[in-house]
There are 2 protein chains.
Amino acid sequence: MHKPGPEMEIVHLLRAVTVELGLHTARFANRNGMHPTDVRALIALMDASRAGEEMTAGRLGAALGINSAGTTALVDRLERAGHVRRVRGERDRRKVVIEVSEEAVELGWAHFGPLIGRAVELLRGYDERELASIRGFLGGVREAAAQGD
Amino acid sequence: MHKPGPEMEIVHLLRAVTVELGLHTARFANRNGMHPTDVRALIALMDASRAGEEMTAGRLGAALGINSAGTTALVDRLERAGHVRRVRGERDRRKVVIEVSEEAVELGWAHFGPLIGRAVELLRGYDERELASIRGFLGGVREAAAQGD
DNA sequence: AACAAGTATCTCGCCGAGCGAGATAATAGG
DNA sequence: CCTATTATCTCGCTCGGCGAGATACTTGTT
């Protein structure tokens with residue numbers, strides 16, 4: 001019916017990885033009385049912070065694929081738990097900038113640190129050409145998955 | 001604070017890929033009046049079918065990280081939509097074997113086919129050593145993420 | 001064989017995440 | 001200024017998933 005091909009093994013492996021990472025995230029969420037969405041939000045916030053960008057409520061909701069009502073509830077939840085702070089935008093006072101608390105960053109590192117460490121360790125075992133192929137494949141899949149919004 | 005390192009770029013890229021694939025799955029779910037969990041369930045079912053294994057309600061719930069009540073509701077939903085069939089276990093009549101309908105398989109291929117095709121195309125551009133490094137990295141991350149259940 | 005213990009699924013009642021619709025507040029453009 | 005636009009929030013609601021416990025079938029024990 002479909003030709004198997006040795007490439008399919010890697011495709012299925014990639015999917016298996018995303019499933020496993022999803023479950024890993026869900027465990028972190030459960031252990032801290034949070035929901036998967038809350039964790040995804042914190043990750044998005046830390047990403048923005050690392051890139052030196054401000055994350056507003058609207059952009060956060062868009063990044064997670066939930067609407068404005070859901071986003072407000074999400075930020076309420078995170079704020080109530082002390083994971084984020086709401087800060088009114090300085091230049092545009094309609095906006096609400098969301099800042100991650102130091103405590104949430106540490107909580108995240110405690111759980112995801114070992115996994116990240118292991119991944120970095122694995123990557124150290126490859127030479128530049130191998131790293132380039134990994135980078136190229138992941139980048140290509142990301143682009144392909146982003147098509148058709 | 002943290003040493004950046006060129007490896008971190010790939011770690012963040014992998015995370016970006018999982019985020020993008022998650023959104024891609026959510027779009028498929030929305031367009032077909034389903035929820036992300038339903039799609040994850042169908043994928044798990046097709047995986048099992050491809051591996052020639054029977055998937056029961058209990059194993060499905062475990063694979064998705066939801067409890068038995070939620071699993072029953074999930075299977076009800078999928079059955080109502082015509083995506084799966086319930087079949088009483090032959091040997092052990094307590095079990096309920098879940099079978100995916102041909103129609104659901106085609107629906108999935110219509111949406112995920114192009115993405116899978118693009119991934120395979122990308123992989124064809126690498127030689128055996130490069131494929132081995134991609135396989136090795138993904139396999140290693142999967143194992144690392146599976147630790148600590 | 002009959003009974004207890006174990007296992008797989010289902011039912012019931014409930015909580016709360018996320019949605020649609022629309023209100024409110026701030027900015028931008030003519 | 002007055003209107004259109006943008007950003008967030010409020011309200012009411014639906015329904016996915018949970019905990020507790022019921023039900024049905026299987027397996028081990030005596």
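1. Copies are superposed by least squares on the C-alpha atoms of residues with pLDDT of at least 70 in both. On that basis chain A can be laid on chain B with an RMSD of 0.1 Å, by a turn of 180 degrees and a shift of 0.0 Å along the axis. That is the relation of a two-fold axis. The same surface serves both copies: 100% of the contact residues of chain A recur in chain B, where contact means heavy atoms within 4.5 Å.

2. Conventions. This is a predicted model, in which local features need pLDDT of at least 70, side-chain atom pairs count only at pLDDT 80 or more, and totals for chains, interfaces and linings use all residues. Residues are numbered from 1 along each chain as its sequence is written, chains are lettered from A and ligands numbered from 1 in the order in which they are written, and side-chain values use heavy atoms, with hydrogens and water left out.

3. DNA strand C is surrounded by 21 residues; a residue is near a strand if one of its heavy atoms lies within 4 Å of it. The closest are His35(A), Thr37(A), Asn67(A), Gly58(B) and Ser68(B). Sugar or phosphate supplies 66% of the strand C atoms within 4 Å of the protein, and bases supply the rest.

4. Polar contacts to strand C (pairs of N or O atoms within 3.5 Å) reach both backbone and base. An N or O atom in the side chain of His35(A) is 2.8 Å from a phosphate oxygen of DNA strand C, and a polar backbone atom of Ala57(B) is 3.2 Å from a phosphate oxygen of this strand. For Arg94(B), a side-chain N or O atom is 2.9 Å from a base oxygen of DNA strand C. The elements that give two or more residues to this surface are H4 of chain A together with helix H3 (57–64) and H4 of chain B; helices (H or I, at least four residues) and strands (E, at least two) are DSSP runs, numbered from the N terminus. H4(B) gives the most, with three residues.

5. DNA strand D also has 21 residues around it, the closest being Gly58(A), Ser68(A), Arg94(A), Thr37(B) and Arg94(B). Sugar and phosphate make up 66% of the strand D atoms that come within 4 Å of the protein.

6. Three residues approach phosphate oxygens of strand D. The side chain of Thr37(B) places an N or O atom 2.4 Å from one, and the side chain of Arg86(A) places one at 2.9 Å. Val96(A) uses a backbone N or O atom, at 3.0 Å. Helices H3 (57–64) and H4 (68–80) of chain A and helix H4 (68–80) of chain B are the elements that give two or more residues to the surface near this strand. The largest share, three residues, comes from H4(A).

7. Composition. The surface near DNA strand C has five nonpolar, eight polar and eight charged residues. The surface near DNA strand D divides into five nonpolar, eight polar and eight charged. Ala, Val, Leu, Ile, Met, Phe, Trp, Tyr, Cys and Pro count as nonpolar, Asp, Glu, Lys and Arg as charged, and the others, Gly among them, as polar.

8. The second largest pocket has a volume of about 290 Å³ (an open set of points on a 1 Å grid over the protein atoms alone, where a 1.4 Å probe fits, with protein on both sides within 12 Å along at least five of seven lines; lining residues have an atom within 4 Å of a point; the volume is the space filled by probe spheres set on the points). Of its 18 lining residues, Glu54(B), Met55(B), Thr56(B), Gly89(B) and Val97(B) are the closest to the centre. S2(B) gives the most to the lining, with four residues.

Definitions and conventions
A polar contact is a pair of N or O atoms within 3.5 Å; within protein, one must be able to donate a hydrogen and the other to accept it, and residues adjacent in sequence count only if both atoms are side-chain atoms.
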